[in-house]
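Student: I'd like a close look at one part of this model, please. Could you walk me through it slowly, in one go?

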Amino acid sequence: MQDVVAIRRHLHQIPELGLSEFKTSDFVAEKLTEMGYEITRGLAKTGIVATLKNGDSPRSIGIRADFDALPIPEETGVDYVSQHPGVMHACGHDGHTAMLLGAAKILSERRNFDGTIHLIFQPAEENFGGAKLMIEDGLFERFPCDAVFGLHNDPRIPFGHFVFREGPIMASADECKITVIGKGGHGAEPQDAADPIVAGASIIMALQTVVSRNIHPLKSAVITVGAFNSGIASNVIPERAEMAITIRALDAGVRDALETRIRQIAEGQAASYGMRVEIDYQRGYPATINHKAETDYVRDLAKRFAGNDKVFDMENPIMGSEDFAYMLEKKPGTYFFLGTQKTADDPQLHHPRYNFNDDIIPTGTTFWVELAEKWLAKA
């Protein structure tokens, strides 16, 4: 697997942000062409679908790897450090891509399957929803898949362990910007002004009741006000106050309820102070919801592959988000985690000292091969 490690480390040196992964896309396409895959480029600008057919079965499978990076200055100190200042592979997408390329090579050499394999190399997972963009560009119409599968490395999970969850495994992610419109004035004469800071603070405090009083106690939801900005001087009442909010949910009904209550509270609290608000509410990634049959299938395969002692079910979903959710809205499939932990002190995902654990490459690579060959087993 040293060739796959070399690929991973090359990708690590050329990290690129979403929809700008031109070097990465060229490199991946070149490798796949050498392996004999039919290459289709340009989905979501830099995305690639590599197709390999064998036999005459109409069955098909899709396996996805993301390949975008993050706007984080790297601090790993490795000798294959990012050559693009301010950008690094801090989420392991270089490893995801390398493992799928390694699997692609084995599958093309062995051809021990009957049907069609579509390997989906996706851009812009971190920001622009590359999965959705590929779907809008006709991904599943042009490349029909009976099911789709994806994984993510996780340095919090013991090395070589597989973690699954039927149903919701990751949350939806929405963002809201609320601007309170007040009336500026002198800090010594607040009676002649309309203070948006006070109204904004009231909105923030009232938002804390949404999850506890409007959402069923057994449903999960998060409302976090991550930014609140207003004013520049102690004796000046500003004209405006702005807040930025992230909203997470695992259920579509809860997601809708959160938006409704956030709007009601913002407008109502502002009105009670004689002010108004401007609300910019943006729906982001939906919840990642795994399908039962495919989750059961891959879990059972993982038990045979790694042993029962290395396969677990996740008790609670993660409130982070993942755009593979869009693919699971269109096709049955499952998304799971593969543990890469070296020590309890490993830098976590999105940390400037995070580095994908190359020791997991043989496991991830051969598991993808196992899944594709078993899913498309010869009669």
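Student: How much area do domain 1 and domain 2 bury between them, and what share of it is on carbon and sulfur atoms?

Tutor: Happy to! Please keep in mind that this is a predicted model. Domain 1 and domain 2 bury about 660 Å² between them, and 65% of that area is on carbon and sulfur atoms. On the domain 1 side, Ala287, Met319 and Ser321 supply 68% of the area buried against domain 2, which is more than any other three residues give.

To place this interface in the chain, take the division first: domain 1 is made of 1-170 + 287-376, and domain 2 covers 172-284. Their C-alpha centres lie 37 Å apart. Counting contacts, 10 residues of domain 1 meet 9 residues of domain 2. As for charge pairing, the count of salt bridges between domain 1 and domain 2 is 0.

Now look at the open space beside these domains. The largest pocket lies between domain 1 and domain 2, because both of them give residues to its lining. Its volume is about 720 Å³. The lining of this largest pocket has 36 residues, and those nearest its centre are Glu126, Ala173, Arg248, Tyr285 and Ser321. Two or more lining residues come from each of strand E5 (148-158), strand E8 (172-181), strand E12 (240-249), strand E13 (276-282) and strand E16 (333-341). Ser321 is worth a second glance: this residue is one of the three that supply 68% of the area domain 1 buries against domain 2, and it is also among the residues nearest the centre of the largest pocket. By class, the lining of the largest pocket is mixed, with 13 nonpolar, 11 polar and 12 charged residues.

For context, you can set this beside the second largest pocket, which holds about 160 Å³ of space. Its lining includes Asp3, Lys31, Glu34 and Lys105, and helix H1 (2-13), helix H2 (22-35) and helix H3 (93-110) each supply at least two of the lining residues. The classes there are 4 nonpolar, 1 polar and 4 charged.

Finally, there is an enclosed space to find: the structure holds 1 cavity of 30 Å³ or more. The largest cavity has about 30 Å³ of space and is lined by Arg64, Ala65, His96, Met99, Leu151 and Trp368. Strand E3 (60-66) and H3 each give at least two residues to the lining of this cavity. H3 also supplies at least two residues of the lining of the second largest pocket.

Key. Residues are numbered from 1 along each chain as its sequence is written. This is a predicted model: local features need pLDDT of at least 70, side-chain atom pairs count only at pLDDT 80 or more; totals for chains, interfaces and linings use all residues. Side-chain values use heavy atoms; hydrogens and water are left out. On a 1 Å grid over the protein atoms alone, a cavity is a set of points where a 1.4 Å probe fits but cannot get out, and a pocket is an open set with protein on both sides within 12 Å along at least five of seven lines; lining residues have an atom within 4 Å of a point. Grid points are joined across faces, edges and corners, and a volume is the space filled by probe spheres set on the points. Helices (H or I, at least four residues) and strands (E, at least two) are DSSP runs, numbered from the N terminus. Ala, Val, Leu, Ile, Met, Phe, Trp, Tyr, Cys and Pro count as nonpolar, Asp, Glu, Lys and Arg as charged, and the others, Gly among them, as polar. Domain bounds come from an automatic or database domain assignment. Contact means heavy atoms within 4.5 Å. Buried area is the accessible area (1.4 Å probe) that two parts lose on being put together, summed over both. A salt bridge is a side-chain nitrogen of Lys or Arg within 4 Å of a carboxyl oxygen of Asp or Glu.
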